[in-house]
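Load the model in your viewer and keep the sequence beside it. The walk below goes from the whole chain to single residues.

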Amino acid sequence: RIITDGACVGNPGPGGWAAIIISEDGTREEIGGSVPNTTNNRMELRAAIEGLRHVATGVPVIVVTDSEYLRRGISEWLPSWKARGWRTADGKPVENRDLWEELAILATRHVAWESVRGHAGHPDNERANDLAQSYAAALNPAISLAALSHTQHIPPIHQEQGNQHIE
């Protein structure tokens, strides 16, 4: 399972994304990053892209999101956009096409999409939201021991080009 979320302070403005990757054995990995000037929708897409990049190819995965834009885009709108040459139903260019194309490639494997209601008490969605909000606010989110309760060890934190990655 991959639980994703994106956030933006202002829209556009500084943005953050986060993904919590939970393997079949319950091991959890939290990843996230920030972008200085972006939109909430771009951060939602980035969270899914980066989460999928951290799962081995061929492994079935469920992506959990509170973003209707992400879920409907990948499940309903994408085939029509591609058929129309990356145009919407009213003929306008598809926004965030670069990210949709990247996500479309990653989602060709066994990916199922699941919606959760945001800010409704889903613990992993709340955690992903907290991480994304922290990145958007230009904070370095602390990795809570509670979030790592299913791991064997506390992983080190590495800084890479403004993104925090937990290995």
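What follows takes the fold first, then the helices, then some individual positions.

This is a predicted model. The protein has four helices and seven strands. Read from the N terminus, the elements run β-β-β-α-β-α-α-β-α-β-β. The protein has 167 residues, and 48% of them count as buried. Its accessible surface comes to about 8600 Å². Carbon and sulfur atoms hold 52% of that surface. Now take the contacts in the protein with a separation of 6 or more: 61% of them join residues 24 or more positions apart.

Start with helix α1, residues 40–53. How far apart should its ends be? At 1.5 Å a residue, its 14 residues should span 20 Å. The end C-alpha atoms are 20 Å apart, which agrees with that expectation. The expected value counts one less than the number of residues. Next, look at the cover around this helix. Of the 14 residues of α1, 10 are buried, so the helix is largely enclosed by the rest of the structure. The buried set runs through Met 43, Glu 44, Leu 45, Arg 46, Ala 47, Ala 48, Ile 49, Glu 50, Gly 51 and Leu 52. Charged residues are on that list too: Glu 44, Arg 46 and Glu 50 are among the buried positions.

Two of these α1 residues lead outward to other elements. Take Ile 49 in helix α1. Its relative accessible area is 0%, so Ile 49 is buried. Which residues does Ile 49 touch, leaving aside neighbours within four places in sequence? They are Leu 99, Glu 102, Leu 103 and Leu 106. Helix α3 covers residues 97–106. Leu 99 is 50 residues from Ile 49 in sequence, yet their C-alpha atoms are 8.0 Å apart.

Ala 47 leads to strand β2, where Ala 19 lies. Ala 19 and Ala 47 are 28 residues apart in sequence and 5.6 Å apart in space, C-alpha to C-alpha. Ala 19 counts as buried because its relative accessibility is 0%. Beyond its neighbours within four places in sequence, Ala 19 is in contact with Ile 2, Ile 3, Thr 4, Glu 29, Glu 30, Ile 31, Ala 47 and Gly 51. Ala 47 and Gly 51 both belong to α1.

Now turn to the pair α2 and α3. Helix α2 covers residues 68–83. The axes of α2 and α3 come within 11 Å and cross at roughly 95 degrees. Angles from 65 to 115 degrees count as roughly perpendicular. The two helices are therefore roughly perpendicular to each other. On the α2 side, the contact is made by Tyr 69, Leu 70, Gly 73, Ile 74, Leu 78, Trp 81 and Lys 82. On the α3 side, Trp 100, Leu 103 and Ala 104 take part. By class, the contact residues divide into eight nonpolar, one polar and one charged. Leu 103 also appears among the contacts of Ile 49.

The loop between α2 and α3 holds Trp 86. Asn 96 sits in the loop between α2 and α3 as well. Check their backbone angles. Most residues other than glycine have a negative phi. Trp 86, not a glycine, has a positive phi near 60 degrees. Asn 96 is not a glycine either, and its phi is positive at about 65 degrees. Are these residues buried or exposed? Buried means under 20% relative accessible area. Trp 86 has 10% relative accessibility, so it counts as buried. Asn 96 has 12%, so it counts as buried too.

One more backbone feature is found at Pro 12, in the loop between β1 (2–8) and β2 (13–22). Most peptide bonds are trans. The bond from Asn 11 to Pro 12 is cis, with omega near 15 degrees.

Finish towards the C-terminal part of the sequence. Asn 129 is found in helix α4, residues 123–136. At 8% relative accessibility, it counts as buried. Apart from neighbours within four places in sequence, Asn 129 is in contact with Asp 5 and His 119. Ala 138 lies in the loop between α4 and β6 (157–160). Its relative accessible area is 68%, so Ala 138 is exposed. Ala 138 and Ser 34 are 104 residues apart in sequence, with C-alpha atoms 7.3 Å apart.

Key: Residues numbered from 1 in each chain as written. Predicted model: local features only at pLDDT ≥ 70, side-chain atom pairs only at ≥ 80, totals over all residues. Heavy atoms only, no water. Axes fitted to C-alpha atoms, helices over the stretch in contact; angles between N-to-C directions. Parallel < 35°, antiparallel > 145°, perpendicular 65-115°, else oblique. Contact = heavy atoms within 4.5 Å. Nonpolar A, V, L, I, M, F, W, Y, C, P; charged D, E, K, R; others polar. Buried < 20%, exposed > 50% of the residue type's maximum accessible area, 1.4 Å probe, protein only. Areas by Shrake-Rupley, 256 points an atom, 1.4 Å probe, with all protein chains shown as cover.
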